[in-house]
Amino acid sequence: MSLSYLAQEVTSEVTGGGFGAIGYGLAAIGPGIGVGIVVGKAIEGIARQPELSGQIRTNMFLGIAFTEALALIGLVAGFIF
């Protein structure tokens, strides 16, 4: 095996790994924005009706869990593809 062939193999492996990281980074943008919106709206709801803070907080955590599931799906899709 020549040195240039090995260099090409290493370069292709590094580039492929870099694209996976970029893909996951892009996949994490949506859930990050979604969690910010969910928490912001929950804070607004608690400020407007403090007596419902327990229900709003519970729904907020459910919304965060579902939104973060999208980030995990993006991570798994990066490993599959």
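G74 touches Y24 and A27, leaving out residues up to four places away in sequence. This contact comes from a predicted model. G74 sits in helix 2, which covers residues 53–80. How far is G74 from L26, in sequence and in space? The two are 48 residues apart along the sequence, yet their C-alpha atoms are 8.9 Å apart. G74 counts as buried, because its relative accessibility is 18% and the cut-off for buried is under 20%.

Step back to the whole chain. The protein chain has two helices and zero strands. Helix 1 takes in residues 3–48, and helix 2 takes in residues 53–80. Of the 81 residues in the chain, 14% are buried. The accessible surface comes to about 6,100 Å². Carbon and sulfur atoms account for 72% of that surface.

Now move along helix 2 to T67. Is T67 buried or exposed? T67 is buried, because its relative accessibility is 13%. Which residues does T67 contact, once neighbours within four places in sequence are set aside? They are P31, G34, V35 and V38. The T67 side chain also reaches the backbone oxygen of G63, at 2.7 Å. That distance falls within the 3.5 Å limit for a polar contact.

Take one of those partners, G34. G34 belongs to helix 1, whereas T67 belongs to helix 2. The contact between T67 and G34 therefore joins a residue of helix 2 to a residue of helix 1, with contact meaning heavy atoms within 4.5 Å. G34 and T67 are 33 residues apart in sequence. In space, their C-alpha atoms are 6.4 Å apart. G34 has a relative accessibility of 19%, so G34 also counts as buried.

A65 offers another view of helix 2. Its relative accessible area is 45%, so A65 is partly exposed. V35 is 30 residues from A65 along the chain. The C-alpha atoms of A65 and V35 are separated by 9.0 Å. V35 is also one of the residues in contact with T67.

Turn next to the surface. Which residues form a nonpolar patch there? I22, L26, I29, I33 and I37 do, with about 500 Å² of accessible area together. L26 has already appeared, as the residue 8.9 Å from G74 between C-alpha atoms. I29 lies in helix 1. I29 counts as partly exposed, because its relative accessibility is 45%. That value passes the patch cut-off, because patch residues need over 30% relative accessible area.

Charged side chains come last. How many salt bridges does the count give? The count comes to one salt bridge. K41 forms a salt bridge with E44, and the closest N and O atoms are 3.9 Å apart. The pair qualifies because the cut-off is within 4 Å. Why are K41 and E44 separated by about one helical turn? The reason is that they are three residues apart in helix 1. K41 counts as exposed, because its relative accessibility is 53%. E44 has 39% relative accessibility, so E44 counts as partly exposed.

Put the pieces side by side. G74, at 18% relative accessibility, counts as buried, and so does T67 at 13%. G34 counts as buried at 19%. On the surface, I22, L26, I29, I33 and I37 make up a nonpolar patch. The salt bridge between K41 and E44 has its closest N and O atoms 3.9 Å apart.

Note on methods
Residues numbered from 1 in each chain as written. Predicted model: local features only at pLDDT ≥ 70, side-chain atom pairs only at ≥ 80, totals over all residues. Heavy atoms only, no water. Patch = residues over 30% accessible without salt bridge, like charges linked within 9 Å, V, L, I, M, F, W, Y side chains within 5 Å. Areas by Shrake-Rupley, 256 points an atom, 1.4 Å probe, with all protein chains shown as cover. Salt bridge = Lys/Arg side-chain N within 4 Å of Asp/Glu carboxyl O. Helix = DSSP H or I, 4+ residues; strand = E, 2+ residues; numbered from the N terminus. Buried < 20%, exposed > 50% of the residue type's maximum accessible area, 1.4 Å probe, protein only. Polar contact = N/O pair within 3.5 Å; in protein donor to acceptor, adjacent residues only side chain to side chain.
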